Amino acid sequence: MAWRSFLFSVILFVLLIVVTEIVLRIALCFYGYPFLKPGNYMCSGFYPTIKEMMGKDIRNDDAVQDVLILGGSVISTPWSNMEVRLDTILRKKYGNKKKFAFYNTAAAGHTSLDNLIKYKLLEDKRFDLVIYYEAINENRANCIPDGDFRSDYTHIKWYCDIYLLQSHPEINFTVIPYVCDLAMEGIEDKMSKKIYARQEQVDPGFAKFGANIKTGSSYRKNLKNIIDLSRKRGDELLLLSYASFFPKGVKLTGEQKDMDYFAGCHYASPVTIWGEAEYVKKGIYVHNQILRELATKSKTHFFDMAENMPQDGRFFCDVCHVSEPGAQNFSKKLATYIVDSKLVE
């Protein structure tokens, strides 16, 4: 009788685990996690711009010139169709001599850290050229009291969630440990009343903290890791300084009247989604200086887009997003540099 009781207990325990696993997987599905492979949420949920690339054989030793674009919204598909513009220009230049495949992973709000994570996730891909363009979104991470800032950006919930998922490689086998950690983190946050900076826009009450550009060392570390990774993989890397337009003698406030100084695009972002205008400008300058320094030290390909974009409101929808004339100017100058430097030879 004892062994039957023990066997029954084991079977009951296993059934309980299986039912719990199924229920939790179904619950995660409501948040967008795939049922069979919830770990794929890293691509489908956090970084959907790389989702379609995961199953492709991308190599830098064949006839196709594969180009990866890393960045934020300015060069993303919805905002500028940068990959289409570059493809059109380069095809006209090379005709049938070369074939190109562009992979634009740039997305709104992405920082140097997001771009590093995306590049790491593409570990089995090899590109003929990687283009990096981003230096403004980091400013949101500055908008938090100095004592609450974290160099790994865990003072932004978005990155806490990413790190948590990364810490559970067993998630496709069982989601129970992950869900338990997720629940515990939520409880701890509520009990400790943890302060988070917002990932998509700045809390007006925290904008003043953006005066201290705390992200410099983090930006440097993330960019250095991208440089090192490109060299390890044998990918050519092109860094671009970040172009912006802050009208001289004008105090931008984030109100609609700011748009009088720009191109009048259908879509435009108030400067306040990154913080107070003067601090946003300062942050871009700091990040650009770091980028230039790293490009020089590492002898990485570099194009000074900040110096090559006209300081003219007709070329900008807001302080960073480019208008149609701006996008044309941007893509033509970038393509010219790529051709002149023989980066796709």
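**Figure 1. The whole chain in a predicted model.** A contact means heavy atoms within 4.5 Å. Among the contacts in the chain with a separation of 6 or more, 78% join residues that are 24 or more positions apart. The model shown here is predicted. The chain has 345 residues, and 51% of these count as buried. Its secondary structure comes to 12 helices and 5 strands. Along the principal axes, the C-alpha trace spans about 85 × 55 × 40 Å.

**Figure 2. The open sheet of 5 strands.** Strands of a sheet pair through backbone hydrogen bonds, and the pairing is either parallel or antiparallel. In this sheet the pairing is parallel, and the strand order is β2-β1-β3-β4-β5. At the edges are β2 (99-104) and β5 (301-303), each of which pairs on one side only. Direction ignored, neighbouring strands of the sheet are turned by 20 degrees against each other on average.

**Figure 3. Strands β1 and β2, with helix α4.** Strand β1 covers residues 64-71 and pairs with β2 in the parallel sense over 6 bridges. Valine 64 has lysine 99, in β2, as its bridge partner. Helix α4 (residues 82-94) packs on the sheet and touches β1, β2 and β3 (129-133). The direction of α4 makes about 165 degrees with that of β2.

**Figure 4. Helix α12 across three strands of the sheet.** This helix is formed by residues 324-340. The strands that α12 lies across are β3, β4 (236-240) and β5. Relative to β4, helix α12 runs at about 140 degrees.

**Figure 5. The largest pocket, with a lining of 15 residues.** The space in this pocket is about 390 Å³. Nearest the centre of the pocket lie Ser244, Lys281, Ala306, Glu307 and Gln311. Two elements, α10 (277-298) and α11 (305-308), give two or more residues to the lining. Helix α10 gives the most, with 5 residues. Sorted by class, the lining has 8 nonpolar, 3 polar and 4 charged residues.

**Figure 6. The largest cavity, with a volume of about 30 Å³.** Rolling a probe the size of a water molecule over the atoms shows where empty space is left. A search of the whole structure finds 1 cavity of 30 Å³ or more. The residues that line the largest cavity are Gly109, Thr111, Asn137, Arg140, Ala141, Ile156, Tyr159 and Gln199. By class, this lining divides into 3 nonpolar, 4 polar and 1 charged.

**Figure 7. Tyrosine 153, a residue with a positive phi.** The phi of tyrosine 153 is about 65 degrees, although the residue is not a glycine. Tyrosine 153 lies in the loop between α6 (139-142) and α7 (157-166). Is tyrosine 153 buried or exposed? The relative accessibility of tyrosine 153 is 1%. Buried means under 20%, so tyrosine 153 counts as buried.

**Figure 8. Lysine 342, in the segment after α12.** Lysine 342 is not a glycine, yet it has a positive phi of about 55 degrees. The relative accessible area of lysine 342 is 58%. The cut-off for exposed is over 50%, and lysine 342 is therefore exposed.

Note on methods: Residues are numbered from 1 along each chain as its sequence is written. This is a predicted model: local features need pLDDT of at least 70, side-chain atom pairs count only at pLDDT 80 or more; totals for chains, interfaces and linings use all residues. Side-chain values use heavy atoms; hydrogens and water are left out. Two strands pair if DSSP finds at least two bridges between them. Helices (H or I, at least four residues) and strands (E, at least two) are DSSP runs, numbered from the N terminus. Axes are lines fitted to C-alpha atoms, for helices over the stretch in contact, and angles run from 0 to 180 degrees between N-to-C directions. On a 1 Å grid over the protein atoms alone, a cavity is a set of points where a 1.4 Å probe fits but cannot get out, and a pocket is an open set with protein on both sides within 12 Å along at least five of seven lines; lining residues have an atom within 4 Å of a point. Grid points are joined across faces, edges and corners, and a volume is the space filled by probe spheres set on the points. Ala, Val, Leu, Ile, Met, Phe, Trp, Tyr, Cys and Pro count as nonpolar, Asp, Glu, Lys and Arg as charged, and the others, Gly among them, as polar. Buried means under 20% relative accessible area, exposed over 50%, partly exposed in between (1.4 Å probe, protein chains only).
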